[in-house]
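Biologist: Mind walking me through this one? I'd like to go residue by residue and hear the reasoning behind each call.

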Amino acid sequence: MKVVDRIKQSKSPLFSIEILPPLKGKSIQSIYSIIDPLQEFKPAFIDVTYHREEYVYKKREGGFLEKVSVRKRPGTVGICAAIMNKYHIDTVPHIICGGFTKEETESALIDLHFLGIDNVLVLRGDAVKNERSFIPEPGGNAYAIDLVKQVVKMNSGKYLHEEDVLDVAPTNLCIGVAGYPEKHFEAPNLTSDLRHLKAKIDAGAHYVVTQMFYDNQKYFDFVKKCREMGINVPIIPGLKVLTSKSQASILPKTFFLDIPQDLLDALEKCKTDADAKEVGIEWCIKQAKELIKSGAPVLHFYSMGSAEPVRRVASTVF
Ligand code: FAD
């Protein structure tokens with residue numbers, strides 16, 4: 001079922017999670033061991049991230065270095081199919097612009113359509129490691145909005161280079177896009193970023209999922225500004241339970257977000273990571289309760305390889 005239809009049909013806030021494909025060569029069991037303990041909260045949908053290739057240098061005979069392209073976490077679409085098959089839960093594969101021509105993107109979307117997947121989260125993706133800025137693939141999509149437009153065209157039966165096909169079968173994908181309560185790191189300011197978000201919605205995206213945040217006020221302000229701009233689709237808050245002291249500095253660097261001073265003060269008093277995890281869980285429970293009270297349609301948890309902290313929060317609020 002489409003994410004937006006699940007939201008429309010539900011009388012209470014929904015629970016959902018994001019998972020990462022396992023590292024190449026590892027078993028899919030690691031995915032099941034995240035989903036199994038969270039099943040009792042009836043995830044409305046499960047997002048599966050996409051990880052593009054990285055370049056590494058391998059030492060070859062004679063001391064030469066060879067630049068090799070590796071994908072460390074392949075399997076997004078296969079995992080979605082496996083989850084749907086095993087748990088009968090809707091999945092949302094992430095699909096990115098980076099590294100794909102439009103033709104390759106189209107083939108990937110056709111696979112999703114044939115598998116009965118109803119949703120995609122459409123993203124630009126980040127720059128390849130060691131490149132300073134994002135470079136689109138020649139013949140690929142440059143921004144998420146371009147990829148939204150490609151999916152919208154397929155949803156209306158317009159495939160690339162196929163103007164005269166009879167009995168064309170359109171895709172019917174519900175399109176999610178990313179939003180950043182604390183601004184995307186490349187955007188010159190929040191207003192400019194919001195204008196680009198509005199353009200993605202105007203191009204046909206159906207809902208927004210936010211980057212994680214630790215200060216609910218940032219989400220509330222973001223939603224207010226979106227509504228003032230005429231963005232009227234569901235805006236799903238993304239939550240990540242903080243589980244160690246070091247994350248207080250890693251998460252801001254990686255995801256360009258602020259850690260509120262109260263949370264930082266509480267973390268600084270912790271002697272161990274186990275103590276810090278308790279602080280993180282308590283903080284997230286407070287966030288989750290307030291978000292539910294404010295009418296958030298879904299609480300979307302970034303599991304990041306660990307079900308237990310999410311389960312602790314969910315068991316208190318759902
Ligand atoms: P866009 O919407 O294209 O925006 C990128 C930047 O360009 C922004 O600063 C925006 O303001 C600006 N911009 C947008 N349109 C234009 C335009 N027409 N002209 C000029 N500037 C413009 N990455 C992955 O690789 N895999 C994942 O699975 C993944 N999942 C994610 C899930 C969520 C919920 C979120 C929030 C992020 C995720 N990301 C993922 C990270 C994401 O790919 C990066 O944040 C990326 O840098 C931006 O993606 P976007 O879709 O927001 O890009």
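Modeller: Sure, and keep in mind that this is a predicted model. Let's begin with phenylalanine 318: its relative accessibility is 35%, so it counts as partly exposed.

Biologist: And phenylalanine 15, is that one buried or exposed?
Modeller: The cut-off for buried is under 20% relative accessible area. Phenylalanine 15 has a relative accessible area of 2%, so the call is buried.

Biologist: How many aromatic pairs are there, and what is the geometry of phenylalanine 15 with phenylalanine 301?
Modeller: The count comes to eight aromatic pairs. For phenylalanine 15 and phenylalanine 301, the centres are 5.6 Å apart with 40 degrees between the planes. Planes under 30 degrees apart would be stacked and over 60 edge-to-face, with the rest tilted. That makes this pair tilted.

Biologist: Which parts of the chain does that pair tie together?
Modeller: Both phenylalanine 15 and phenylalanine 301 are buried. The two rings sit 286 residues apart in sequence, so the pair ties together separate elements: strand 1 (residues 14–19) for phenylalanine 15 and strand 10 (residues 298–302) for phenylalanine 301.

Biologist: What kind of pair do phenylalanine 15 and phenylalanine 318 make?
Modeller: Their ring centres are 5.5 Å apart. The planes meet at 70 degrees, and edge-to-face begins over 60. So this pair is edge-to-face.

Biologist: Where does phenylalanine 318 sit, relative to phenylalanine 15 in strand 1?
Modeller: The pair links distant parts of the chain, 303 residues apart. Phenylalanine 15 is in strand 1, and phenylalanine 318 is in the segment after helix 11 (308–317).

Biologist: Which residues end up in the ring cluster?
Modeller: Phenylalanine 15 pairs with phenylalanine 301, and also with phenylalanine 318. Ring pairs link the whole cluster, made up of Phe15, Phe41, Phe301 and Phe318.

Biologist: On to the cysteines: why is there no bond at cysteine 174?
Modeller: A disulfide needs sulfur atoms within 2.5 Å. Cysteine 174 is buried, at 0% relative accessibility, and cysteine 80 is buried too, with a relative accessible area of 0%. The closest cysteine sulfur to that of cysteine 174 is in cysteine 80, which is too far for a bond because the distance is 14 Å.

Biologist: How many disulfides does the structure hold, then?
Modeller: Cysteine 80 is in no disulfide, with the sulfur of cysteine 174 being the nearest cysteine sulfur. For the structure, the number is zero.

Biologist: What is the distance from aspartate 90 to the nearest side chain of opposite charge?
Modeller: Aspartate 90 is in strand 5 (residues 90–96), and it is buried without a salt bridge. The limit for a salt bridge is 4 Å. Arginine 6 offers the nearest opposite charge, and the distance is 4.9 Å.

Biologist: Which backbone nitrogen lies 2.6 Å from a polar atom of the aspartate 90 side chain?
Modeller: Beyond its neighbours within four places in sequence, aspartate 90 is in contact with Met1, Ala44, Phe45, Ile46 and Asp118. The backbone nitrogen in question belongs to methionine 1.

Biologist: Where does the salt bridge between lysine 72 and glutamate 54 fall in the chain?
Modeller: It is among 13 salt bridges, with the closest N and O atoms of lysine 72 and glutamate 54 being 3.3 Å apart. Lysine 72 is partly exposed at 38%, whereas glutamate 54 is buried at 19%. Lysine 72 is in the loop between strand 4 and helix 3 (76–87), and glutamate 54 is 18 residues away in strand 3 (residues 54–59).

Biologist: What does valine 70 contact outside its sequence neighbourhood?
Modeller: Valine 70 is in strand 4 (residues 65–70) and counts as buried at 17% relative accessibility. Its C-alpha atom is 6.2 Å from that of tyrosine 55, 15 residues apart along the chain. Leaving aside neighbours within four places, the contacts of valine 70 are Glu53, Glu54 and Val56.

Biologist: Last one: which residues share the salt-bridge network around arginine 312?
Modeller: Arginine 312 bridges to glutamate 278, with N and O 2.7 Å apart. Arginine 312 lies in helix 11 and glutamate 278 in helix 10 (residues 273–293), so the pair ties together parts 34 residues apart in sequence. Through shared partners, the network comprises Lys277, Glu278, Glu308 and Arg312.

Conventions. Residues numbered from 1 in each chain as written. Predicted model: local features only at pLDDT ≥ 70, side-chain atom pairs only at ≥ 80, totals over all residues. Heavy atoms only, no water. Helix = DSSP H or I, 4+ residues; strand = E, 2+ residues; numbered from the N terminus. Buried < 20%, exposed > 50% of the residue type's maximum accessible area, 1.4 Å probe, protein only. Contact = heavy atoms within 4.5 Å. Lys, Arg positive; Asp, Glu negative; His and termini not counted. Polar contact = N/O pair within 3.5 Å; in protein donor to acceptor, adjacent residues only side chain to side chain. Phe/Tyr/Trp six-rings, centres within 6.5 Å; stacked < 30°, edge-to-face > 60°.
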